[in-house]
Amino acid sequence: MKSGCDHAVEYIYHYLDGEISWTREQRIRWHLRRCRDCVGAYDFEAGLKSAIARAARTDVPPELFTRLQTLLEQEIGNGS
Ligand SMILES: [Zn+2]
């Protein structure tokens, strides 16, 4: 893994939640532009997050929601 990826991946979660400072957001955007690995991670998280958001708005079986959460936890575990 290239240097800088650790921080980028770490901040992606906060970035998606809109919980980071402007400076860190720019740093992530800059990193995502040149790092395909992190773009993949970002796309995965963004897709998962929107899937969860959709699930929360609609009548989705609780099992599916649990499965999504498990997926997310596994991804976080693999990322370290
Ligand atoms: Zn990276």
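**Exercise 1. Establish how helix α1 and helix α3 are oriented relative to each other.**

Helices α1 and α3 are roughly parallel to each other, a term that covers angles under 35 degrees. This is a predicted model, in which local features need pLDDT of at least 70, side-chain atom pairs count only at pLDDT 80 or more, and totals for chains, interfaces and linings use all residues. Residues are numbered from 1 along each chain as its sequence is written. The axes of α1 (residues 5-17) and α3 (residues 36-57) come within 10 Å and cross at roughly 20 degrees, where axes are lines fitted to C-alpha atoms over the stretch in contact and angles run from 0 to 180 degrees between N-to-C directions. Helices here are DSSP runs (H or I, at least four residues), numbered from the N terminus.

**Exercise 2. Find the contacts that Ala-8 makes, leaving aside neighbours within four places in sequence.**

Begin with its location, which is helix α1. Ala-8 counts as buried because it has 24 C-beta neighbours inside 10 Å, the cut-off being 20 or more other C-beta atoms within that distance. Its contacts (C-beta atoms, placed from the backbone, within 7 Å) are then Ile-28, His-31, Cys-35 and Cys-38.

**Exercise 3. Identify the residues of the largest nonpolar core.**

A nonpolar core is a set of buried Ala, Val, Leu, Ile, Met, Phe, Trp, Tyr and Cys residues joined through C-beta atoms within 7 Å. The seven residues are Ala-8, Val-9, Ile-12, Tyr-15, Ile-28, Cys-38 and Tyr-42. Helix α1 gives the largest share of this core, four residues.

Terms used
Helices (H or I, at least four residues) and strands (E, at least two) are DSSP runs, numbered from the N terminus. Angles under 35 degrees count as roughly parallel, over 145 as roughly antiparallel, 65 to 115 as roughly perpendicular and the rest as oblique. A residue is buried if 20 or more other C-beta atoms lie within 10 Å of its own, exposed if 12 or fewer, and partly exposed in between; C-beta atoms are placed from the backbone. Two residues are in contact if their C-beta atoms, placed from the backbone, lie within 7 Å.
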